[in-house]
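Please look over the sequence and the model shown here before reading on. The report is written for someone who is meeting this structure without earlier acquaintance.

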Amino acid sequence: MANDFKRFTQPSVNTSTGASATAVYTVPAGAGSTALESIIIGITLANKTTSGVTASVFLDNYDGSNDVYIVKDATIPAGSSLEVMAGNKIVAMNNGTTGDVIRVSSGTATAIDATVTVLEDV
């Protein structure tokens, strides 16, 4: 199985929260619908507006429970970005049927662009 670096982007995330927030990355199933893991190595949120906004990153766990916020209501100044991971890594999984989902929401509609970088097939 080859390790693949990949980048996923989502412009103008929505204002819904938790499991209704904008899906930016979903861990795929492996070949033949086998379990697969990915390592989230970066999450960057960019504020496109001229005012400060808040943003949240949510890990929608594949098991249907145990969902958690990675960051909740973090303030991002006007015209700047927030590097959520800051050197940390998160292992995300797919059990062969359902995968973890990284979701992002903004306190202000269309204010935030999200980028998620992963190492897949680990």
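The sections below go from the whole chain to a few chosen residues.

## Overall build

The model described here is a predicted one. The protein contains zero helices and nine strands, and its elements, read from the N terminus on, follow the order β-β-β-β-β-β-β-β-β.

For 122 residues a compact globule would be expected to have a radius of gyration near 14 Å, and because the protein has 14 Å, the value agrees with that expectation. Taken along the principal axes, the box that the C-alpha atoms fill is roughly 45 × 25 × 20 Å. When contacts with a separation of 6 or more are considered, 80% of them in the protein join residues that are 24 or more positions apart.

## Surface and charge

Of the 122 residues of the protein, 38% count as buried. The protein exposes about 5,900 Å², and 51% of this area is supplied by carbon and sulfur atoms. The protein carries 6 positive and 11 negative charges, and the mean positions of these two groups are 7 Å apart.

## Two buried charged residues

Glu120 belongs to strand S9, which covers residues 112–120. Its relative accessible area is 5%, and because buried means under 20%, Glu120 counts as buried. The side chain of Glu120 makes a polar contact with the side chain of Tyr25, at 2.7 Å. Beyond residues up to four places away in sequence, Glu120 touches a set of residues that includes Ala2, Asn3, Asp4, Lys6 and Phe8, and also Pro28, Glu37 and Ser38.

Arg103 lies in strand S8, residues 101–106, and is likewise buried, with a relative accessible area of 15%. The side chain of Arg103 reaches two backbone oxygens, that of Ala19 at 3.4 Å and that of Ala21 at 3.0 Å. When neighbours within four places in sequence are left aside, the residues in contact with Arg103 include Gly18, Thr22 and Ala23, together with Ser56, Val57, Phe58 and Asp60.

## Positive phi in two loops

Most residues other than glycine have a negative phi. Ser33, although not a glycine, has a positive phi of about 60 degrees. Ser33 is found in the loop between strand S2 (22–26) and strand S3 (36–47), where it is exposed, with a relative accessible area of 52%.

Ala86 also has a positive phi without being a glycine, in this case near 45 degrees. The loop that holds Ala86 runs between strand S6 (81–83) and strand S7 (90–94), and Ala86 is exposed, with a relative accessible area of 60%.

## An exposed glycine

Gly79 is placed in the loop between strand S5 (68–76) and S6. Its relative accessible area is 61%, and because exposed means over 50%, Gly79 counts as exposed. Apart from neighbours within four places in sequence, Gly79 is in contact with Asn47 and Thr49.

How far apart are Gly79 and Ala23 in sequence and in space? The two residues are separated by 56 residues in sequence and by 23 Å in space, C-alpha to C-alpha.

Key
Residues are numbered from 1 along each chain as its sequence is written. This is a predicted model: local features need pLDDT of at least 70, side-chain atom pairs count only at pLDDT 80 or more; totals for chains, interfaces and linings use all residues. Side-chain values use heavy atoms; hydrogens and water are left out. Helices (H or I, at least four residues) and strands (E, at least two) are DSSP runs, numbered from the N terminus. The radius of gyration is taken over C-alpha atoms; the globule rule is 2.2 Å times the number of residues to the power 0.38. Buried means under 20% relative accessible area, exposed over 50%, partly exposed in between (1.4 Å probe, protein chains only). Contact means heavy atoms within 4.5 Å. Accessible areas come from the Shrake-Rupley method with a 1.4 Å probe; for residues, only the protein chains shown count as cover. Lys and Arg count as positive and Asp and Glu as negative; His and the chain ends are not counted. The place of a charge is taken as NZ of Lys, CZ of Arg, CG of Asp or CD of Glu. A polar contact is a pair of N or O atoms within 3.5 Å; within protein, one must be able to donate a hydrogen and the other to accept it, and residues adjacent in sequence count only if both atoms are side-chain atoms.
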